[in-house]
Amino acid sequence: MALLSSPLQLKGLTLKNRIVMPPMCQYSVDAHDGTPTDWHFVHYVSRAVGGTGLIIVEMTDVEPDGRISNGDLGLWSDEQIPAFSRIVSEVHKYGSKIGIQIGHAGRKAEDAEVPVSASAIAFPGSRYKMPRALTTEEVQAMVVKFAESARRAVEAGMDTIEIHGAHGYLIHQFHSPLINKRDDQYGKDPALFGVEVIQAVKKVIPADMPLIMRVSAVEYVDGGYGLEYSTELCRRYKEAGVDVFHLSSGGEGPIGSAGRPGVHPGYQVPLARAIKQALDVPVIAVGNLDDAKLAEATLGNGDADLIAVGRGMLRDPYWAIHAIRALSPEEIQPPKQYGRAF
């Protein structure tokens, strides 16, 4: 059996294969009310039909001003739950599992009248506004908002929750020394906000539900943190209750003088491998892994436990079936309606 098509147990969650559709914003909520539309239904369900083991719904925000754009999803109201439940129910019919990434854009909230952040430091570029720093009390209230969104996700039937702590969004803004210039407890301990969000979310999800966290393992701005810093950060987050890390990089500002380490296939795999080895924790690797043999090699070399395929799955909703077919044709299990094609 190809490793890519092998099942994986994460606490109480059993995945039929190691293929993950990572969160990718669709900017398609035309009513601007945060509620999933028919576009989202077709988008996610089609990847379940296509054989994906785990689908993670795009960044879904804990409050209206936490959205990157007004066209983004939200879970700040119980009224939004039924539309998510409809997607979950249909995805499950095809043997796929589904999670949701909850987050807050912070200073990268483009449509917020006044964005918020750890500190009053704007994201570079004319499209971004000057944020105001959250008060200590507002940070504590934000922790509750994350927990409430997680509670709604559980009510919607989600199989797992992913907390967004990467790509320069709010939690990243707190744990980045370049952005967090606070003088309260959340400045003295940059990991504290993320730790409190994790602990609060753990209290509202089932004990056997794995909690995923996405982290940028390396910042690319000049003076940004590197792998040594993010490893200790992830150690704190693991101690707080994270079960799986989803490793990406960057997003906190313009690429600095050192540049990216390349955007070749698998360029972020070393980040996943480093965190996995240092913390002995399951990891999801991402970054131009849409070649089936490279995805298989990443698993075979012990660099990651799951493979996330983003843009490749935007191009091909049936990427999972096609990848497994390329590795071991006898293992594919297409929907019965499509069986004659295989």
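Q: Residues are called buried under 20% relative accessible area, exposed over 50%, and partly exposed in between (1.4 Å probe, protein chains only). What is the relative accessible area of Lys 11?
A: This is a predicted model, in which local features need pLDDT of at least 70 and side-chain atom pairs count only at pLDDT 80 or more, whereas totals for chains, interfaces and linings use all residues. Residues are numbered from 1 along each chain as its sequence is written, and side-chain values use heavy atoms, with hydrogens and water left out. Helices (H or I, at least four residues) and strands (E, at least two) are DSSP runs numbered from the N terminus, and Lys 11 sits in the loop between strand S1 (8-10) and strand S2 (13-15). Lys 11 counts as partly exposed, since its relative accessible area is 37%.

Q: What is the phi of Asp 280?
A: Asp 280 belongs to the loop between helix H8 (269-279) and strand S12 (283-285), where it is exposed, with a relative accessible area of 70%. Most residues other than glycine have a negative phi. Asp 280, a residue other than glycine, has a positive phi, near 50 degrees.

Q: Which residue of S10 is the bridge partner of Ile 163?
A: Two strands pair if DSSP finds at least two bridges between them, and strand S9 (residues 160-165) is joined in parallel to S10 by five bridges. Strand S10 (residues 211-216) has six of its six residues buried, with Leu 211, Met 213 and Val 215 pointing one way and Ile 212, Arg 214 and Ser 216 the other. Within this pairing, the partner of Ile 163 is Met 213.

Q: Is the crossover from S10 to S11 left-handed or right-handed?
A: S10 also pairs in the parallel sense with strand S11 (residues 244-248), over five bridges, and Ser 216 stands opposite Ser 248 there. The chain passes from S10 to S11 through helix H7 (residues 227-240) in a β-α-β crossover. A crossover is right-handed if, with the strands pointing away from the viewer, the path from the first strand over the helix to the second runs clockwise, and this crossover is right-handed.

Q: How far apart are the end C-alpha atoms of helix H6 (residues 192-204)?
A: The expected span of a helix is 1.5 Å times one less than its number of residues, so the 13 residues of H6 should span 18 Å. The computed separation of its end C-alpha atoms agrees with that expectation, at 19 Å.

Q: How far apart in space are the C-alpha atoms of Leu 247 and Gly 287?
A: Leu 247 lies in strand S11 and counts as buried because its relative accessibility is 0%. Contact means heavy atoms within 4.5 Å, and, leaving aside neighbours within four places in sequence, the contacts of Leu 247 include Val 215, Leu 271 and Val 286. Leu 247 and Gly 287 are 40 residues apart in sequence, and their C-alpha atoms are separated in space by 9.3 Å.

Q: Which lysine in helix H6 forms a salt bridge with Asp 243?
A: A salt bridge is a side-chain nitrogen of Lys or Arg within 4 Å of a carboxyl oxygen of Asp or Glu, and Asp 243 forms one with Lys 11, the closest N and O atoms being 3.7 Å apart. The side chain of Asp 243 also meets that of Lys 202 in a salt bridge, at 3.4 Å from N to O. Asp 243 lies in the loop between H7 and S11, so this second pair ties together parts that are 41 residues apart in sequence, the partner in H6 being Lys 202.
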